[in-house]
Structures are given as C-alpha cells and as structure tokens.
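Here are my notes on this one, as promised. Have the model open while you read.

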Amino acid sequence: QIVDLSDPRKPQLVKTDATSFSRASDIYIDDKGYAYISGSENLGILVFTLADQKNPVFVGSWSEAYISNTIVSGNFGFASGSLEKVLYVIDFIDRAHPQTVAAMPYGDSLDSVSISEDGKTFVTVSKEDGGYIKLWDVSIPKKPYELGRYQLSGATPNRVFPRGKFL
C-alpha cells in the first residue's frame, strides 16, 4: 500500500497493489529513490524505482537467499540471510542485476541490519537469546570485517539503530 503522509494527522491511502508481492517484513528506501523489499513471499530482494512515488516500477531483483532485512548505503546493500545465517553484501550499482560481493557466515540467527550515520560501521543483531550485536567495518564494502561484538542478555531487540557512539 502507498500512503500519503502530507498531513500526518490524516494519512490517506493512495494505492493498493499486490502485483509483485503481497507482504514484506522490510521496505528500505535509499536516498536515490529506490525501494528494496525484503521478507516477502519472493526469495531475496525486490528493487523498485520511486521516480513516480504513486506508481513504483520494478527494476530488478536479487534472489540468492531469503532476506529478512536490508539496508543500502551508496551502491552497496547489506542484507540479513536469517535462514542461512549469512550476512550478504550486495552491489546495487546496476539495480536491474544486483551482484553478491561478499557473504560472511554469521554463526547464529541474523535478524536485523543497520548502518552508522557515516556509512562506515554496520550493525547486526542476532534474534536468539544470548545472541550478539556485532559491529562491522564496511568502509571497503567488498571487504567487511567484524570489529567487535556485545553479547545480549535478557531482552533481545528486534532491531537497533546507531546514533553517534550509541545504539
């Protein structure tokens, strides 16, 4: 569904379209006007241009694994392969034909992904009790590496967002 938020007190339904997918766990919109749909009944990630926001147009897809969550910084996407327990880095320079540039085994069930304000540190969250929040250096997106981790105890967050030096 597309909803007009011009007046936040009266959001208005603009359009309903289930042609390409009928559900999604995540829709990420980048600063270039593309939407990345993850966690749908389709495997992987669907990419749409939002040049006409009322009529998104399908551009391409990446379908190597089921992805529950995606975030894009520049031309690179970071995606949680939650079932495969793999963190994927995807090159979206050609959004019609995205390519995997890195796939790192994660170890436990990967739930969500987010990126720091400067685009250099990537944050992942495990969805298992006793899992981890992991920090990754993605200053060279094709060669990410783990910087550090924090083991969770008690409540396990579904998603975290870095702000400055805190989560």
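The points below cover the nonpolar cores and then the largest pocket.

1. Some housekeeping. This is a predicted model, where local features need pLDDT of at least 70, side-chain atom pairs count only at pLDDT 80 or more, and totals for chains, interfaces and linings use all residues. Residues are numbered from 1 along each chain as its sequence is written, and side-chain values use heavy atoms, with hydrogens and water left out.

2. Start with the largest nonpolar core (buried Ala, Val, Leu, Ile, Met, Phe, Trp, Tyr and Cys residues joined through side-chain atoms within 4.5 Å; buried is under 20% relative accessible area with a 1.4 Å probe, protein chains only). It holds 14 residues, and F78, L87, F122 and W136 make the most contacts inside it. Strands β8 (76–81), β9 (86–91), β10 (99–105) and β11 (110–115) each give two or more residues, with β11 giving the largest share, 3. Strands here are DSSP E runs of at least two residues, numbered from the N terminus.

3. Have a look at F122. Setting aside neighbours within four places in sequence, its contacts (heavy atoms within 4.5 Å) include I71, F78, L87, V113 and W136.

4. There's another core apart from that one, with 12 residues, among them A65, V72, I90 and F92.

5. Now the largest pocket (an open set of points on a 1 Å grid over the protein atoms alone where a 1.4 Å probe fits, with protein on both sides within 12 Å along at least five of seven lines; lining residues have an atom within 4 Å of a point). Its volume, the space filled by probe spheres set on the points, is about 730 Å³. Of its 27 lining residues, Q1, I2, L50, Q53 and P56 lie nearest the centre. The largest share of the lining, 3 residues, comes from β1.

Conventions: Buried means under 20% relative accessible area, exposed over 50%, partly exposed in between (1.4 Å probe, protein chains only). Helices (H or I, at least four residues) and strands (E, at least two) are DSSP runs, numbered from the N terminus.
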